[in-house]
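Please examine the structure shown below before reading on. The paragraphs after it lead through its chains and explain each technical term where it is first needed.

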Amino acid sequence: MRFALTTDQLAFRDAVRDLLAKERYDDRATWDALVDMGVASVLVPESEGGLGLDEMTLVPILEQTGYAALAFPIVETAMVAAPLGLADRMVALVDGQLAAWADRADVVLAGDGSEVRQDLLAPVEAVDRSRPVRRIGRPLPAPHGDTIDRAALGTAAQLIGLGQAMLDLTVGYVKERQQFGVPIGSFQAVKHHLANALKELSFARPAVYRAAYSVATASTDASRDVSMAKAMASDAASFVGRVALQCHGAIGYTVEYDLHLWLKRTWALSRAWGDSSWHRDRVGRAIGV
Amino acid sequence: MRFALTTDQLAFRDAVRDLLAKERYDDRATWDALVDMGVASVLVPESEGGLGLDEMTLVPILEQTGYAALAFPIVETAMVAAPLGLADRMVALVDGQLAAWADRADVVLAGDGSEVRQDLLAPVEAVDRSRPVRRIGRPLPAPHGDTIDRAALGTAAQLIGLGQAMLDLTVGYVKERQQFGVPIGSFQAVKHHLANALKELSFARPAVYRAAYSVATASTDASRDVSMAKAMASDAASFVGRVALQCHGAIGYTVEYDLHLWLKRTWALSRAWGDSSWHRDRVGRAIGV
Amino acid sequence: MDLTWSPDEDAFRAEARSWLVANVPHDLPSGDTREGFARHVEWERLLYQNRWAVVSWPEQYGGRGASLWEWLIFEEEYYRAGGPQRVTQNGIFLLAPTVFEFGTPEQQERILRRMAAADELWCQGWSEPNAGSDLAGITSRSTKVDGGWVLNGQKTWTTRGAFCTHLFGLFRSDPDSERHKGLTYLLVPLDTQGVTVRGFGRLDGDEGFAEVFFEDAFVPDGNVLGGVNDGWSVAMATTGSERGLTLRSPGRFLAASARLIELYRSATTVGGAVESVRRRVIDTWMRAEAYQLFTLETVTRLSEGGAVGAESSINKIWWSELDVELHETALDVLGPEAQLEGAWSKGYQFSLSGPIYAGTNEIQRNIAAERVLGLPRR
Amino acid sequence: MDLTWSPDEDAFRAEARSWLVANVPHDLPSGDTREGFARHVEWERLLYQNRWAVVSWPEQYGGRGASLWEWLIFEEEYYRAGGPQRVTQNGIFLLAPTVFEFGTPEQQERILRRMAAADELWCQGWSEPNAGSDLAGITSRSTKVDGGWVLNGQKTWTTRGAFCTHLFGLFRSDPDSERHKGLTYLLVPLDTQGVTVRGFGRLDGDEGFAEVFFEDAFVPDGNVLGGVNDGWSVAMATTGSERGLTLRSPGRFLAASARLIELYRSATTVGGAVESVRRRVIDTWMRAEAYQLFTLETVTRLSEGGAVGAESSINKIWWSELDVELHETALDVLGPEAQLEGAWSKGYQFSLSGPIYAGTNEIQRNIAAERVLGLPRR
């Protein structure tokens, strides 16, 4: 029994974090740098030119891409498409009636892995403008359960990163921002908001890591564990977002301050690949409730 | 349009409040004094020796009996039985499989108004020891809808009073109790707990008064309004109870301090005559949800 | 207790309803963009021309001298008919009550009718970069000169400031003063020389905010509202109304709840919404109803000579939390579609400002605890 | 990451399970009445005789020298088998870690084995009438005399104090000291002359609390744990374990969640429980699981030489809120029956003490914000 990342997993994660801290979240060069580091081919067997590693390595990396609000389909590419032998392209996926990143990706795949023609995709206006979405013009094959599990797990990891980023940003802000002659972070109401945010994130993260382990080891509980992870990560990140906005006050409500990027991505991802109600229901069925 | 009690209604309510402030909540003499004041016969026509008033007079009075945690079946007697011509006796009622006050009342009535023999009633142990409960030995006729509405309305009024009593007690306590060299009521966390408690009570109370008006005027929305009142009053009082206990700390957790009386009554009444889920469901059906 | 309307009130409602149903525009863009704002101003002018802009004001300023009850009725019908949020609201609901109370007859003449007619469009200049929740931290200053005041400093988070023509706000007129003292309430035309307005984007992407810079901008003495150095108590009258009755009429939430119920019904019909949302749909309906009842209670008290006190704080917490919950529930019904722009997602973003502006809900909880419950300040 | 157990651990689990299933009593009354307590002490002694009382302690004191992992396994099996809350827990989980860390060899010899054997029963003497959340407000004093200390003052909220034989607590040994300084950690046999114990009722009606009065009660020097005047830092070691790992093992909540699921299933079968409770049944299951995972993470860190830090604060908030929610959900499934005494309503009342004792959750949030997030103290 050991519930912790290995030294190698931590080192890879930290390298990705450091890269993303330096580069722009929406720059194609950032994507290329990640691909060069092997992030897209973590799950590709060494025999096929990949790193031959598993989801326990990839999930903490995806968490960091959430922390940076990376504006590319890394979950779709590295977590879902790469194991299908598509790691060399940037891949967008159809999720229900919508396909995020479709205009940015090299290829758009339907749920059964078949390619979707661009003329079936109509642009729609997403609340998160850094994550463009298109609508599917006609019914397409439903995704395999495995696709949903993998996409939901990667998305859950990003949500944890998003939540952590919003918490860090807010902690920094409330230490600096003065009102009534003191930092607002010295008010008990602000402290308690942020302590609750810390708590929700700290208990959702292990659920995501456990789900990664269950998927990596092909556990029979993998779908249940992924759903628990996605439900908890969606709820935790949404909660942290509310707290972050409230503790920032008006400045958080502007587009001239970065909080809105993380906040909108959180709203989008908490509803992508099954929202928390959908996953909670799936957990319920798995445990006989 | 006028959303307020009349001077007469306020005067009657205050007289009851003053009486209950002086007398013991569980003394039979207190009950007799209330009967002497006419509380049990508010709804009885003048021609039958009653006061010939309506639920708008009675509901604020019942609120005060909640405030005092009165240990007698005043709701059952004054709100339900009196209009049936039974104001001269202390009446207990069957609510589902249980009958509160059965050992204390002069008569126990089933849902259809028929008398229940004492040998059908088995003593059970209630959490609220000041409100004894018996269990019905065999199925009895279900109560009329009107009985449920009246009992739920009176119970909702008592819950508002219970909530107010717990709020007042707690406000007094946190102003006095010193920790870290200051009154604990000066901590923002305590302030926010109690501000929330005040808010919940302040918005539930008008719902109860509106339901009283709807019942008094035989509105077609009366059942819906009663259910909204009972759901909101149950939730508000339960919330205030949680806050009160938390703000008191260990002293609130003892039987040597009165908070426990109100708290346990709140737990009992919030589940009597339909809990908040049951009533919320009924509201939903009434508004087509 | 009498929860019926009089025949006159019923007639007022019928008149309002029929006019609104016939005239409320349903294709207005957001009022927080320049183009949208202009369209909204047209709508405001139509309201004014038909004497629906400010029903509770005296007729001489374009109102109908309506009672508070009739105002409530109008608001209910306005939102039931799908009327848009009023872009004139900061003037009508925040400045105007102050002008009625503190303005000279000349100021009332000069300001009120043009405000009602949407000829002059007012924005609020309270917040500064370092004075948000802590309004008393204002540093923008007004210096006395012959015949008036010279303004220097910066205001920010000014809603729709880039589109308005006038600003009302507090300035530090006594340079040696601190906190709540030595502030003066001033009225500033935004075309005054030395005033610069820079619009910037809100969460929802619209340019709904502005910064306003003052560099030796002159305003005449006649633009002081209330007493010099007495601005704090003058301003408190308007923040009182902002928190309390006027800004958020129950009609808004009743209408939003009705739309949510419709959305939920259509979603369940096609097998979309999950059962767990039902509870929240019912709950928000009850909370909107309770807000209406609480308001009826308040209006009764006001009609009988009472005042709105510190309990307006819990009122503000209630409606702002309700607004968020109404929209959040709607987004949960919409499921994945909630990722896209639309009335509900736009409304959700807007609702999130509720717990922040007009005094954060944290400040409101402090006020309720200290002034209503009497808990000790630290 | 390796979430499998070793063959040795599996064997340990099998042994624990088979013994517990065969021996756990299911008819015990509450341990917080005098009669019930005596029955629980019998059970504790049976545990000790079979070396299950303190599995993680060294064999010389009655343990098995088990690893933290095995301790977790034992706890899981203990609660899965329906084992009752341990009436010896204040000694075993709060005092013992301090004795292991600060006690002299003589003290360890004298105290630990008898504690494990339930021959000496320890209660906690932290709180005083004016020192609850603010433990540093302690005024009970210990005065140095020849060969020992004379105690005067009062402790209160002492859980099961009326039934225990010994008390551990803090006393002000330096009369000129303030707050955290000048306190000494003392061990007091309750049959000492000058010590009076008065039991009183808890919320649930059981006599689970006691006040302890000290009037010139003498304890010898050998009963000082750690250094004189150094009691605060000695005590902090035990409040750390109270908040953190030891007092609330995940097994408790996993077992409670399993019982709730059973209750819900049986209720839906007979058409009782409403759909709106389902979400909360699932939610509490997830939160109990997350508590288990969080604990595995913590134990991994401890096993690799790390320490439990201020994050134990969020841990305490999590389990105490979870415990309340588990029981509240069960009562909502029970509906009107929840008015009656029973395992769930008793458990609910007990759960409500969770957010209060061992440092209120408000204090824990302060600690998490200040020590984990680094927010400024006031």
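The account begins with the relation between chains and then turns to single helices, strands and residues.

This is a predicted model, in which local features need pLDDT of at least 70 and side-chain atom pairs count only at pLDDT 80 or more, while totals for chains, interfaces and linings use all residues. Residues are numbered from 1 along each chain as its sequence is written, and chains are lettered from A and ligands numbered from 1 in the order in which they are written.

How are chains A and B related? A turn of 180° with a shift of 0.0 Å along the axis lays chain B on chain A with an RMSD of 0.0 Å. The two copies are thus related as by a two-fold rotation axis. Such copies are superposed by least squares on the C-alpha atoms of residues with pLDDT of at least 70 in both.

The contact between these chains takes 4 residues from chain B and 4 residues from chain A. Two residues are in contact if their C-beta atoms, placed from the backbone, lie within 7 Å. On the side of chain B that touches chain A there are 2 nonpolar, 2 polar and no charged residues. In this classification, Ala, Val, Leu, Ile, Met, Phe, Trp, Tyr, Cys and Pro count as nonpolar, Asp, Glu, Lys and Arg as charged, and the others, Gly among them, as polar. Because 100% of the interface residues of chain B are also interface residues in chain A, the copies meet through the same surface.

Chain A is also touched by chain D. Here 36 residues of chain D are in contact with 34 residues of chain A. On the side of chain D that touches chain A, at least two residues each come from α7 (250-269), α8 (275-303), α9 (312-334) and α11 (361-372) of chain D. Helices (H or I, at least four residues) and strands (E, at least two) are DSSP runs, numbered from the N terminus. The largest share of this side of chain D, 14 residues, is supplied by α8(D). By class, the side of chain D that touches chain A divides into 23 nonpolar, 3 polar and 10 charged residues.

Helix α9(D) merits a separate look. At 1.5 Å a residue, its 23 residues should span 33 Å, and its end C-alpha atoms are 33 Å apart, which agrees. The expected span of a helix is 1.5 Å times one less than its number of residues. Of the 23 residues of α9(D), 19 are buried, so that the helix is mostly covered. A residue is buried if 20 or more other C-beta atoms lie within 10 Å of its own, exposed if 12 or fewer, and partly exposed in between, with C-beta atoms placed from the backbone. Just after α9(D), G335(D) has a positive phi of about 65°. A positive phi, near 55°, is also found at A358(D), a residue other than glycine. A358(D) is in the loop between α10 (343-351) and α11 of chain D, and it counts as buried because 22 C-beta neighbours lie inside 10 Å.

Chain B contains an open sheet of 5 strands in the order β3-β1-β2-β5-β4, with mixed pairing. Two strands pair if DSSP finds at least two bridges between them. At the edges stand β3 (107-109) and β4 (121-124) of chain B, each with a single partner strand, so one side of each is left without a neighbour in the sheet. Within chain B, β1 (residues 91-95) and β2 (residues 98-100) pair in the antiparallel sense over 2 bridges, and V94(B) stands opposite A99(B) in β2(B).

In chain C, helix α3 (residues 68-80) has 13 residues and reaches 18 Å from its first C-alpha to its last, close to the 18 Å expected. Since 10 of its 13 residues are buried, α3(C) is largely enclosed by the rest of the structure; among the buried residues are W69(C), W71(C) and F74(C). After α3(C) comes G82(C), with a positive phi near 85°.

Chain C also has paired strands. Its β3 and β7 (residues 209-220) pair in the antiparallel sense over 8 bridges, with G148(C) opposite P220(C) in β7(C). Strand β6 (residues 195-200) of chain C runs antiparallel to β7(C) and is joined to it by 6 bridges.
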